[in-house]
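Student: I've just been handed this one and don't know where to begin. Could you walk me through it?

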Amino acid sequence: MSEQPSSVKKILIVGGGTAGWMAAAMFANAWAERGIEITLLESRTIGTIGVGEGSTPKMRRFFDGLGVSEAEWMPACNATYKCGIRFPDWSTRKGFRSYYHPFFSHSDDASIRAFFQNVTLRNRNFDVHGHPDAFFVSNALAQHGRAPIANQSTDYTTDYAYHFDASLIGEFLADYARARGVEHLYDTVSEVVRHENGDVAAVETAEHGAVSADFFIDCTGFASVLIGKTLGVGFQSYQDVLFNDRAVAMPTPHEDTGKLASETVSRALKHGWAWKIPLTNRYGNGYVYSSQFVNENDAEHELREHLGLLDSDVEARHLKMRVGRTERCWERNCLAVGLSQGFIEPLEATALMVVQDTLENFMQRFEQGGFTPRYRADVNEKINLIFDGIKNYIFMHYKLNTRDDTEYWLANRKNQNISADVARVLKVWDKGGDLLTELREQAGRMVYSPTSWYCILAGMGRFPRKPKKPKANVQVYDPADARQYCESMVEHFSDHRAVLEQMANT
Ligand SMILES: Cc1cc2nc3c(=O)[nH]c(=O)nc-3n(C[C@H](O)[C@H](O)[C@H](O)COP(=O)(O)OP(=O)(O)OC[C@H]3O[C@@H](n4cnc5c(N)ncnc54)[C@H](O)[C@@H]3O)c2cc1C
């Protein structure tokens, strides 16, 4: 294939899960009118993963970019707003048994300063309140069942993300893409044909024969048909750092009236953690665990017990997860997107964010006019940094746990497979050093903001044990003032259920 994108007239996306349809929608929106032919081929017999119900705030930009309003897609996907994630039972330290990882914005400016000041003092062994929950508006919104949407009387804002039905979002994007000219084929790839130079030439299928293209997008999920099985790009496992490799999922009903939660709850259980995600019609629940420490039956039993479903015949879905990333997501004339390129367990719901990052970076290079090796290397390096940066932050949850109830939690805490970046964060923090400067030095490799790092370290209660009274001349912020400020902001934001009902009825 030529290095020039002008030679790319036909793109074949293999795989029709969320990643495949996100790619199809973005390409169709940007390129269909330029005469680039876009085809999506998916197997009828090999299903999609069918889970993945939480996003990061980046998804707002995804739909904005497609020109799709929340009123169009959210009701169609049973979607709700997400103000942040609550983490109960990861820490056993008194006063720190739960913390909230907020999405934040200008409304938090004043209280974030207070949070940083208090946490720094607390970490330098002064007896001041350093738990994050008091300091973030989005925590108050979630606790009151509010949407992160200001009511008409104000222009306050707070950042937010979404929860949605993974299958419905795929269907919504499929309709969007097909309406903009994406050809949709059902068939199963049995073999991949390559050009003499090693590029991918076509995929062989039972009903459509050889389907050729100039450029291929591998969205075949964990099967990794093109990037892994055909092009042989190596896979870097994260299993030495992130032990979880299985999940079991089951839905539960929720009440039709009263407050509708606007947060994800990620509660630590015996051998992993359980998510609880509110949709408009049900809760999505699942238990992410490590098969090294618990078997499938016991994990399902524990989740059922946790959900009060021991006597229920609601079906459980068991899933295997391949945790890690490809060494390169872009190889030759093939870009891997979604589970085919890698997966970090869903603790911070980052997978679709990486899909979006990968597609945006690739498309930017396409627009810039060339598929040179330098561009490929650039995209690969960027996406690898994102993967490794997320891995570091997810790892921190496990490293900071203080549970002693199972081997799983002890092994996580004792795990010494720490990246140099994480080791430096912990070292600076544990010495009461200048973590902000350290985090700024790592900024090029960081996915999470300093606020997120401070929230996890402080929220899990990793502080010196016997704090002293602060000196009289040191400024300390009263958490009651911060809490009162956050509570006072609640009235400016709309009731979550009411906003969604109104959206569905207009
Ligand atoms: C337990 C769990 C929880 C998760 N939670 C979240 C979350 O909260 N937030 C988030 O962002 N992400 C989450 N994810 C990840 C998310 O589900 C995926 O990133 C997302 O669904 C994209 O998947 P995919 O499209 O890459 O793969 P899949 O959904 O597996 O789709 C693969 C597609 O490839 C096709 N295919 C495969 N082989 C062939 C073949 N030989 N021929 C033709 N077609 C083929 C299949 O038919 C299918 O259409 C979670 C994942 C798991 C496992």
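Student: Let's start with C83: is it buried or exposed?
Tutor: Buried means under 20% relative accessible area, exposed means over 50%, and partly exposed is in between, using a 1.4 Å probe and protein chains only. C83 has a relative accessible area of 0%, so C83 is buried. One caution: this is a predicted model, where local features need pLDDT of at least 70, side-chain atom pairs count only at pLDDT 80 or more, and totals for chains, interfaces and linings use all residues. Also, residues are numbered from 1 along each chain as its sequence is written, and side-chain values use heavy atoms, with hydrogens and water left out. Back to your question, the answer for C83 is buried.

Student: Which cysteine has the sulfur closest to that of C83, and why is there no bond?
Tutor: A disulfide here is a pair of cysteine sulfur atoms within 2.5 Å. The closest cysteine sulfur to that of C83 is 12 Å away, which is too far for a bond, and it belongs to C486.

Student: How many disulfides does the structure hold?
Tutor: A disulfide is a covalent bond between the sulfur atoms of two cysteines. For C486, the closest cysteine sulfur is in C455, and at 11 Å that is too far for a bond. The number of disulfides in the structure is zero.

Student: Where is C486 found?
Tutor: C486 counts as buried, at 2% relative accessibility. Leaving aside neighbours within four places in sequence, C486 is in contact (heavy atoms within 4.5 Å) with A134, F135, F136, V137 and A140. Helices here are DSSP runs of H or I with at least four residues, strands are E runs of at least two, and both are numbered from the N terminus. C486 is found in helix α15.

Student: What does α15 reach from its first C-alpha to its last?
Tutor: Helix α15 covers residues 479–490, twelve residues. The expected span is 1.5 Å times one less than the number of residues, and for α15 that comes to 16 Å. The reach of α15 is close to that, at 17 Å.

Student: Why are the buried residues of α15 on the same side?
Tutor: The buried residues are P479, A482, C486, M489 and V490. An α-helix has 3.6 residues a turn, so residues three or four places apart point the same way. The arc is that of the directions from the helix axis to the C-beta atoms. The buried residues of α15 are on the same side because they cover an arc of only 115 degrees.

Student: What do those buried residues pack against, and which residue caps the N-terminal end of α15?
Tutor: They pack against α5 (137–143), β6 (146–150) and β23 (493–495). At the N-terminal end of α15, a side-chain oxygen lies 2.8 Å from the backbone nitrogen of A480, and the capping residue is D478.

Student: Where is R332, and what is its phi near?
Tutor: R332 sits in the loop between β20 (330–331) and β21 (334–336). R332 is partly exposed, with a relative accessible area of 31%. Most residues other than glycine have a negative phi, and most peptide bonds are trans. R332 has a positive phi, near 50 degrees.

Student: Which loop holds N78?
Tutor: N78 also has a positive phi, near 50 degrees. N78 counts as buried, at 16% relative accessibility. Its place is the loop between α3 (70–73) and β3 (80–82).

Conventions:
A polar contact is a pair of N or O atoms within 3.5 Å; within protein, one must be able to donate a hydrogen and the other to accept it, and residues adjacent in sequence count only if both atoms are side-chain atoms.
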